[in-house]
Structure formats: C-alpha cells, structure tokens
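Biologist: I keep running into labels whose cut-offs I don't know. Let's go through some of them, with the number behind each word.

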Amino acid sequence: MATPILPLPTELQVDASAAPFVLLVSSRILATDAAASVAGYLARILRPSTGYPLPVVSPVNGQIAGPADIALHLDLADVLELGGEGYRLETSAAGATITAASPAGLFYGIQSLRQLFPASVEKRSVQSAPWQAVAATITDRPRFAWRGAMLDVARHFFDVAAVTRFVDGIVLFKINVLHLHLTDDQGWRITIAGRPELTGIGASTAVGGGRGGFYTEEDYAHIVAYAAERFVTVVPEIDVPGHTNAALSAYPEINADRTAREPYTGIDVGFSSLDVHADATWQFLDDVFGSVAAQTPGPYLHIGGDESLATPTEQFPGFIARATALVAAHGKTPIAWHEAGRSKDLAPGTIGQYWGYVTPQATADELAASFVEQGGSLILSPADVAYLDITYDETTPIGQAWAGGPTSVRAAYEWEPAEILPHVAEEKILGVEAPLWTETVASTSDIDYLVFPRLTAVAEIAWSARAGTDGRDWDGFADRLDAWYPRFRALGIGAYREGEPYPSGRSSDSGGSL
C-alpha cells in the first residue's frame, strides 16, 4: 500500500526493500539554536507514545547524528529548490534528516515524518510498537502560499482550549492560516479597549440562546502565540457593515434609528447594518480596527462585507472604500468577502475572498475580478465544495445544505482553483481556504465531524501539485485517506467516515485537546 502521507508530497520515493529508520530509547533530535523550537515540538509529539527521552541537542562540539537520531538542518542554499516552506525528508537505517531553508519548512517536514511512523505514535500514553519509518526520500513544497481554515466563533463560542485544539488539527495537513470569524449578529467575541458593552451585552449569547463568551486580550494573545509557534497566521474578521446585530445591541448610536437592538439567537442573515454615515459609526470602527490591529501581529484584518442586504445599495461601495482605507491606516492589509468588489476604490492591495460556487454566476465572477483589477489578489472558498459546515449527505445529523449541498468528501477534493474564475489568472490566486460556519456546531465533536476529512481534501488542493500531476487523483487520495483513519482515532479526532454513524455522546462542550 502507498505511504499514506496527506497532503501528497511533490516527490516521494519509497524503498520498501531497504532497512527502515528505527527510533530507539537512545535516539536524539539534533538541531541548531535556530531550529530548537521546532525540535522541541517534535520531541513533544514523540515522547508520550514512545516513552523515550528524546533529548534535543545542538550539533556542536563534535556531535554527529547517529543512525537512531533525527537531524533537523536549516540551509538557506535550499531556498531556490524548496522555497520558504518546502523541505527534504530522508529516512533510512542511517538516520532521519529533515532539511529546509526555514523553520516553517522543518515544521512541515515534521508533519510528514510523523505520518511515516505507526499511527499509535500520536497517542498520549506509552504504547508498545516498533517505532519504524519506511526508507523514503521526500522533496516537497506548497503550490499556494495561503492554505487556510476558518472557524466561526460568533454563532457558537469556542474557548481558547477548543481553538488551540483546532490549530493542532489543521497543522497536521500543513494549513498555515487560521481565519477567526470573531463577530456576527449572534455574538461579539473579542475585547476592545474602551468598548466594554461589546463583550457585555454583545457577547452574552449564541445561536439557540446558548451561552455566550469572549476572549480577553490575554486569551486572544495566547491563541495568536500558540498558532504562530505552529507557523499559522491568525486573521481576525470583524464583519461589517452587515452581520452586526451584536454590536448594534451594545451601542445604540451606531444604529440608524439610535435604538439598541435586542440580542439575536437565530440564524437568519441580511437584516442588520451599521449606520454607514454616522460619525459614531466611524469612531466605533476606528476604535475596533485599531484595537484588533494592535492585538494581531499578523499582516491582515478581515472586514467581512458579505450579505449586507440591510445596507442601502448605493451606500455600500463608499462604506467599503472607507473601511478598507481605515484598516490600511492601522497598518494592516484589508481582506473582504467578494461582494466588497462592488467598490471601485478599495485600499491598495485589498484581498478578496470568493465564496461563490465552483461554477460562478457572472456577477460573482465580476466582483471577484474587481479585486485583481484594483491590484489585489484572491482567496478561493467556493461554498459548494470548500464550506465545511455543509452536510455530507442527506443523513448527516448536523450542518446545513444551502450551498448546493450536500458536499461529499469527493466533491471537496475534485475541484481546481485555477478553473473557477475565468477572468482571474492563476498567479493572482493567493490560495484557498475552507470555512466552518457554526450555526449548527456546538461542540468540538461537531467540529471534528464536519471538518475532517474534508479539510484534508482542501489542504491537498492547497499544498500539492495540480490534480492529474504525479498521481494526485481521487483514487489515490481515497486510498491514503482510508489508511489515515487509525491516525485520526489515535489523535482523538472524531472524523466523518462514510457509512459510520455520528459519534455517540455528542455534547455541547467547547474545549478539549488533541
């Protein structure tokens, strides 16, 4: 059976006849100071299941990697071949070596190395197993720079533990962007200095009247740092001018009639809007964008802009132009859903996020192309194949089916980013992202079931070569995915599998850990 590495590497050579690499109680991880953090991550993955000490040592004073050691090499000379995120992995009886031009590349090499060991290596208690990795040589680099997953924490709130658990799951498949949908009609989830009612009234509830919640500045900083340690950039989304009922319930002066709205616990969309002309609105947005920008070290800030049906049509383009300029003034690159392409005065470099279908309507194609025409680029999240909250089939007990659904794992895999928008060249596609909206998602079990394995399919589109190249096709992916299910179980991820029921004992917890 083929080596079940997901996503499929650029080049993979396996020598099943050669002696494997064997991890022993005497094994060490050799890394320079620049790679020490990544080496520590690898040690924390391998120590619990093997029971081995696996010290991290620096290759100085004559330290040479032995046949039972794992060596992590940083070599800038490899940047031309591997790029900033690529790696080379070699395993044999002579040892295991990962070489990259950056710590990020080493990190992605580690994700492939752990897949060469038995699935039980992922367990958090000592296991009895031959810790062998087949003799292999892998040379690998990503196709797209943006490989994202979105988690909606506004419809249902998920605490810090749940978000960091989500990060640990997505990095298995070399995802490097976590888009957090932090605000919507049902809840406001991030602390804004000087705006206490946002996390008072605005954060008080969730869909169905469930408990609300929000992140303190310390909580959010922890999420951002945890993600950064795993080479994941957090992209915060403050959705405006629509999807704003939580804000409108907290501050009446940003409502057109200056009357505070009641907190909302339903799932309808398109009924809320900021007063786009009020001075109070722009002071509010300046406060919010400034605070979120200051709390977020990454370069991006997402302003939403979707489904703003209650905003007067003629006022929407001007609002988007001014909002993107305000984000830029706070030092961030604006991102907006593709409807924001109605504005022809976007801040320079504004990125669009397309959420239409694989076969787009002409209007959606034109709106997405508008970002490129104005000097920006695009992230592709076609709802009928990349939205993770859509049901798998008619029997799926959670999720929605509006986006042309149900969406099978195969449908999530068999689409090509460069063929969706006829007026957008491939080099203008920054990457792809799979969003999870949480109207029906109330627990980490729900997250697992809807996200995995469809995120794995989208991750292969984002990382691996175009379909049809070097064996990347549905049959090959399905075989590798089937071999991955013992690893999902070892990790404690309750992934969907066709023909199997939803895991029993569904709860409304919002935390947990892998």
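Biologist: Why does F231 count as partly exposed?

Modeller: F231 has a relative accessibility of 25%. Buried means under 20% relative accessible area, exposed means over 50%, and partly exposed is what lies in between (1.4 Å probe, protein chains only). So 25% puts F231 in the partly exposed class. Bear in mind that this is a predicted model: local features need pLDDT of at least 70, side-chain atom pairs count only at pLDDT 80 or more, and totals for chains, interfaces and linings use all residues. Residues are numbered from 1 along each chain as its sequence is written, and side-chain values use heavy atoms, with hydrogens and water left out.

Biologist: Where does F231 lie?

Modeller: F231 is in the loop between helix 5 (217-229) and strand 14 (233-240). Helices (H or I, at least four residues) and strands (E, at least two) are DSSP runs, numbered from the N terminus. F231 also has a positive phi of about 60° although it is not a glycine.

Biologist: And K174, what makes it buried?

Modeller: K174 sits at 0% relative accessibility, so it counts as buried. K174, like F231, is not a glycine but has a positive phi, here about 65°. K174 belongs to the loop between helix 4 (160-170) and strand 11 (177-181).

Biologist: Why does G86 count as buried?

Modeller: G86 gets 0% relative accessibility, which puts it in the buried class. G86 is in the loop between helix 2 (79-82) and strand 6 (87-92).

Biologist: Which residues does G86 touch, not counting those up to four places away in sequence?

Modeller: A100, G105, D140, R141 and P142. Contact means heavy atoms within 4.5 Å. G86 and T99 are 13 residues apart in sequence, and their C-alpha atoms are 8.8 Å apart in space.

Biologist: What makes helix 4 and helix 5 roughly parallel to each other?

Modeller: They pack at an angle of about 10°, with their axes 10 Å apart. Axes are lines fitted to C-alpha atoms, for helices over the stretch in contact, and angles run from 0 to 180 degrees between N-to-C directions. Under 35 degrees counts as roughly parallel, over 145 as roughly antiparallel, 65 to 115 as roughly perpendicular, and the rest as oblique. About 10° is therefore in the roughly parallel class. As for the residues, V160, V163, T164, V167 and D168 in helix 4 meet D219, H222, I223, Y226 and A227 in helix 5. That contact divides into six nonpolar, two polar and two charged residues. Nonpolar here is Ala, Val, Leu, Ile, Met, Phe, Trp, Tyr, Cys and Pro; charged is Asp, Glu, Lys and Arg; the others, Gly among them, are polar.

Biologist: How do you know what span to expect for helix 9 (residues 362-373)?

Modeller: The expected span is 1.5 Å times one less than the number of residues. Helix 9 has twelve residues and reaches 16 Å from its first C-alpha to its last, close to the 16 Å expected. A364, D365, L367, A368, A369, S370, F371 and V372 in helix 9 are buried, and their cover includes strand 16 (333-337), strand 17 (351-354) and strand 18 (378-380). Helix 9 lies across those three strands, at about 160° to strand 17. G375, with a positive phi near 95°, follows helix 9.

Biologist: How do you know that strand 18 and strand 19 (residues 429-436) pair?

Modeller: Two strands pair if DSSP finds at least two bridges between them. Strand 18 and strand 19 have three bridges in the parallel sense, so they pass. One bridge partner set is L380 with V432 in strand 19. Both strands belong to a closed barrel of eight strands, 10-11-14-15-16-17-18-19, with parallel pairing. Neighbouring strands there are turned by 30° against each other on average, direction ignored.

Biologist: What makes strand 1 (11-14) and strand 4 (56-57) edge strands?

Modeller: Seven strands form an open sheet in the order 1-9-6-7-5-3-4, and the pairing is mixed. Strand 1 and strand 4 each pair on one side only. Within the sheet, strand 3 (residues 29-31) and strand 5 (residues 70-74) run parallel and are joined by three bridges, with I29 opposite I70.
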